[in-house]
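The exercises below are meant to be worked with the sequence and the model open side by side. Try each task before reading the solution that follows.

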Amino acid sequence: MPRSRRLLCPERWRWAAALFATVLLAASAFASSLHTSATLQPGLDGSSIAGYQELAVDLGTALSPVGSVSLADPQPLYVTSDGNGTHTTSAGAPVYGSTFGVALDHDGVADLIFDGSIRCTGALLAGGRYILTAAHCVTDSTGNVNVTNVQARWTLQSGTITRQSNTFIVHSSYTGNATDGGDLALIELATPVPVDVPRYEVYTGTDPALLAQPTIKVGYGLKGYGGTGSVAGSSGTKRAGLNRYEFDARAVVRAFGNGSNPFGGSRLPDPLTGLSYDFDSGLAANDAFGHFFFGANDLGFGADEVGAAPGDSGGPSFVLVNGRWQILGITSYGFGFKGLPDANPGTNSSWGEIYVDTRPGAYADFIAGFAPEAVGLPEPGTVALLALAAVALGLGSARRPRR
Ligand SMILES: [Ca+2]
Ligand SMILES: [Ca+2]
């Protein structure tokens, strides 16, 4: 008889194992609560959500073709912008607690610098070994990895933590054109970052009402003002603001392409692999969805409204799910127009533009292969320990003959 099973037979070992399992579960519960019990602090602006109403994301593909529209070229985006230089964040100061009742601890959102020069944003996933970002941050236009190194930086109240990595895992469906969908990648870290860096889970559900909840977008991209757009050379400061998804990206791309991809892509994105939002000024004239799609009139979050700009790419949009902030989208690309509703014609992160985020929950199986804890599955080590504890408690098939 194997020694391990013999050891587990006596009753005293069962009690010891039960105690061990209890301590294990308690420790695990404590660990997972560390980042949700942060002291609530005032939100960035603390202002109310202007014009917020309960909506559902339109999950259908029934948007009418928009006909002939002068689209500005899409731009793979890299951060978040709004009023010029506003919405900055501070380490150790969770945001929007007064708005949502639960503040977002954004300290786990990393500033990513590839090969010393290209900036994107990423979110540390539960488990502490992987950073979720956009595929276009690490690939060329054919989808092949074209960077060799990244420095990830998290700024905490206690100081700055950096990690280098040269391991990039791009989703196999990514073609190199963000408008095709599949724009997500993982950065693998050789060692987990310290547990005082917050880490996040991905929302894997598709409840239309939840997909349409206000999201907090976080990124290190260019600053700017919605009336004019982004300001070159101004990235590197972490900002956070609000927006909300209104449509499945497939429906939007299809409508603007009158049935096919209008951006030089090779396909329409798969259903619900992306989500789309517009950047509202609060005026009907700049309401992009309201302009093109009958009934889609929503004027945004007023001073809290943000759009994405270069440097925000890969950055997370968080949604509140049962009291926890989870990642609903990651910044992928946007496009403007050569006239209204675009406040400053061209794709330049001005009001009246439309953006598309990847929905990582659509790629839960991919993520689970690396960071299972991030999609609600126990990490492998925990599975092994819990299985051991279950066997110890006599819950396992201890009498099953060994092969
Ligand atoms: Ca709108
Ligand atoms: Ca524009």
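**Exercise 1. A residue and its surroundings**

Which residues does Ile 131 touch, not counting residues up to four places away in sequence?

Solution. Bear in mind from the start that this is a predicted model. Beyond four places in sequence, Ile 131 touches Ala 110, Gly 122, Ala 123, Leu 124, Leu 125, Ala 152, Leu 186 and Ile 187. The next step is to place Ile 131 in its wider setting: the largest nonpolar core has 81 residues, and Leu 125, Ile 131, Leu 132, Ala 185 and Ile 327 are the ones that touch the most other members.

**Exercise 2. A glycine in a strand**

Decide whether Gly 122 is buried or exposed, and find what surrounds it.

Solution. Begin with the location, since Gly 122 is found in strand E4, which covers residues 118-124. Then count neighbours: a residue is buried if 20 or more other C-beta atoms lie within 10 Å of its own, and Gly 122 has 29 such neighbours inside 10 Å, so it counts as buried. Finally, list the contacts, which, apart from residues up to four places away in sequence, are Ala 110, Leu 112, Ile 131, Leu 132, Thr 133, Ala 152, Ile 187 and Gly 314. For Leu 112, which lies ten residues from Gly 122 along the chain, the C-alpha separation is 6.7 Å.

**Exercise 3. Reading a sheet**

Work out the order of the strands in the open sheet of seven strands, and say which strands form its edges.

Solution. The order is E7-E6-E3-E4-E5-E9-E8, and the pairing is antiparallel. The edge strands are E7 (159-165) and E8 (167-170), each of which pairs on one side only. From one strand to the next, the twist averages 30 degrees.

Individual pairs can now be followed towards the E8 end. Strand E5 (residues 130-133) pairs with strand E9 (residues 185-188) in the antiparallel sense over four bridges; Leu 132 stands opposite Leu 186 in E9, while Thr 133 has Ala 185 as its bridge partner there. E9 is also joined to E8 by four bridges, again antiparallel, and in this pairing Phe 168 has Ile 187 of E9 as its bridge partner.

**Exercise 4. An exposed loop residue**

Where is Asp 140 found, and why does it count as exposed?

Solution. Asp 140 is found in the loop between E5 and strand E6 (150-156). The cut-off for an exposed residue is 12 or fewer C-beta neighbours, and Asp 140 has 11 inside 10 Å, so it counts as exposed. Leaving aside neighbours within four places in sequence, Asp 140 is in contact with Asn 146 and Gly 176. Asn 177, which is 37 residues from Asp 140 in sequence, lies 9.0 Å from it, C-alpha to C-alpha.

**Exercise 5. An enclosed helix**

Find how many residues of helix H5 are buried, and which strands they pack against.

Solution. Eight of the eight residues of H5 (residues 249-256) are buried, so this helix is largely enclosed by the rest of the structure. Among these buried residues are Arg 250, Arg 254 and Phe 256. The buried residues of H5 pack against strand E14 (247-248), strand E15 (274-278) and strand E19 (354-358). Just after the helix, Asn 258 takes a positive phi of about 50 degrees.

**Exercise 6. A covered strand and its hairpin**

Describe the pairings of strand E17 (residues 316-321).

Solution. Five of the six residues of E17 are buried, leaving this strand mostly covered. Strand E10 (residues 215-219) is joined to E17 by two bridges and runs antiparallel to it, with Lys 217 having Ser 317 as its bridge partner in E17. E17 is also joined to strand E18 (residues 324-335) by six bridges, likewise antiparallel, and Phe 318 has Ile 327 of E18 as its partner. The hairpin of E17 and E18 has two residues between the strands, and Asn 322 there takes a positive phi near 50 degrees.

**Exercise 7. How far to trust the model**

Find where the confidence is low.

Solution. The protein chain averages a pLDDT of 80, and 74% of the residues score at least 70. Over residues 1-55, however, the pLDDT is below 50, and it stays under 50 over residues 78-82 as well. Where pLDDT is low, the predicted coordinates should not be read in detail.

Conventions. Residues are numbered from 1 along each chain as its sequence is written. Chains are lettered from A and ligands numbered from 1 in the order in which they are written. This is a predicted model: local features need pLDDT of at least 70, side-chain atom pairs count only at pLDDT 80 or more; totals for chains, interfaces and linings use all residues. A nonpolar core is a set of buried Ala, Val, Leu, Ile, Met, Phe, Trp, Tyr and Cys residues joined through C-beta atoms within 7 Å. Two residues are in contact if their C-beta atoms, placed from the backbone, lie within 7 Å. Two strands pair if DSSP finds at least two bridges between them. Axes are lines fitted to C-alpha atoms, for helices over the stretch in contact, and angles run from 0 to 180 degrees between N-to-C directions. pLDDT is the predictor's confidence in each residue, from 0 to 100.
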